[in-house]
Amino acid sequence: MGAVETISAGVARRMALAAQGFDRPRPAAVTRRQLRQVLSRVRLLQLDSVNVAVRAHYAPLFSRLGAYDRTLVDEAAWAHSTRRPRLLVETWAHEASLIPVEDWPLLRSRAKRAGWWRHYEPILRRSPALVEDILAVVTELGPVGAGRIEREVVGESQRRQGPWWDRSDVKKICEYLFGIGQLSTGTRRSFERLYDLTERVVPPEILNREVTPEEGARELIARSASALGVATEPDLRDYYRLGPEVSHQAVATLVEEGVLEPVRVRTWRAPAYRHAEARAPRRITGRALLCPFDPLIWERARTERLFDFRYRIEIYVPEAKRVHGYYVYPFLLDGVLVARVDLKADREAGVLRVPGAFAEPGADVPRVAEELAAELALMADWLGLSGVAVGTRGELAPVLSRAVAAA
């Protein structure tokens, strides 16, 4: 192996932004084609139940594409027809996520560590027939919610001689079957997961593709590297939450194959790897609000290395101890994180509320306020809200309030 190239933190940052799709201007119109293009970059959309501003899986697409019709995602993930086949499927990836349907075999290849659902295995040992009962209900009624499955299974157990299943056990085993891939999400109703048999969700040619754990790990790490541009080994494994042993082996194999190139990033302590196709534009322009679950920033240590930006989600912090707010979006402007805003979609009042706004040290506050006001107005309109209401917390708030009024 020759000498390892050294790159600056600025080059690494631009490489990471380009890998995530921030090197392109937003399109004039967003279609299924643009959705595919973003998915080819980010590879997955994290799901989360929090709906303070907008659900997490919609936000990264808004950050990269601007205002778009959210039914594009709904149809891609939860509506199947022979004319427009399903693009996305739910599984545990980084966390609960939407992934391209063709990546399904990689996540089922045993490259990924067993998840938290393994703690429900004692229920299976205690009640082995429960799986059969749940699958029978889903086969007959799916897509079907956990509550309906619970009623059907518990009611049946009461009508016959045999076990009387506990309601909470039914829900836990539904989650277990989802975790191991026997059940999938057929569709969602007001974000409630409706379970269906995976064979009715994933096309047979994809479902039946056999992938070894080694191949799965190699392909997933390659996708991580493509999505990140340049990354440490822990960064690469975190994208799909792989174990360190399989990740180390996959990285070594990809280096041998030339897919990954070892590099040193000034100011980074750990060795780094650049995807062979990663490029660093001379400049990154444009603006974006980043939700807490955006793949550009979800790994907080990496965010600090790339942007010198310490970021923590404060949902679970008592209100009196929060520094910036409940649900804070960093603001990206021309490749730099220049501010952060606490956001809440007040659907009853019809406004996008900004309880707090905070500029980063050295930021050009008047320009940041002007650009942020325009992006907040775009987001409010996208969410069907009539305007933006800025609160009083944070030194950026009064300047932003004036910018919003002027806009």
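Strand 12 (residues 328–333) and strand 13 (residues 336–346) are joined by 6 bridges and run in the antiparallel sense. The model in which this pairing is found is a predicted one. The points below take up the sheet that contains these strands, the helix that packs on that sheet, and a separate contact between two helices.

**The sheet**

- Strands 12 and 13 belong to an open sheet of 5 strands, whose order is 11-12-13-14-15 and whose pairing is mixed.
- Because strand 11 (287–289) and strand 15 (387–393) each have a single partner strand, they stand at the edges, and one side of each is left without a neighbour in the sheet.
- From one strand to the next, the twist averages 30 degrees.
- Within the pairing of strands 12 and 13, P330 has R340 of strand 13 as its bridge partner.

**The helix on the sheet**

- Helix 16 (residues 397–406) packs on the sheet, where it touches strand 13, strand 14 (351–359) and strand 15.
- The direction of helix 16 makes about 160 degrees with that of strand 15.

**Helix 1 and helix 11**

- Helix 1 (residues 9–19) packs with helix 11 (residues 213–228) at an angle of about 110 degrees, and their axes are 6 Å apart.
- Helix 1 and helix 11 are therefore roughly perpendicular to each other.
- On the side of helix 1 the contact is made by M15, A16 and A19, while helix 11 contributes S226, A227 and L228.
- Sorted by class, the residues in this contact of helix 1 with helix 11 are 5 nonpolar and 1 polar, with no charged residues.

Terms used: Residues numbered from 1 in each chain as written. Predicted model: local features only at pLDDT ≥ 70, side-chain atom pairs only at ≥ 80, totals over all residues. Heavy atoms only, no water. Pairing = 2+ DSSP bridges. Helix = DSSP H or I, 4+ residues; strand = E, 2+ residues; numbered from the N terminus. Axes fitted to C-alpha atoms, helices over the stretch in contact; angles between N-to-C directions. Contact = heavy atoms within 4.5 Å. Parallel < 35°, antiparallel > 145°, perpendicular 65-115°, else oblique. Nonpolar A, V, L, I, M, F, W, Y, C, P; charged D, E, K, R; others polar.
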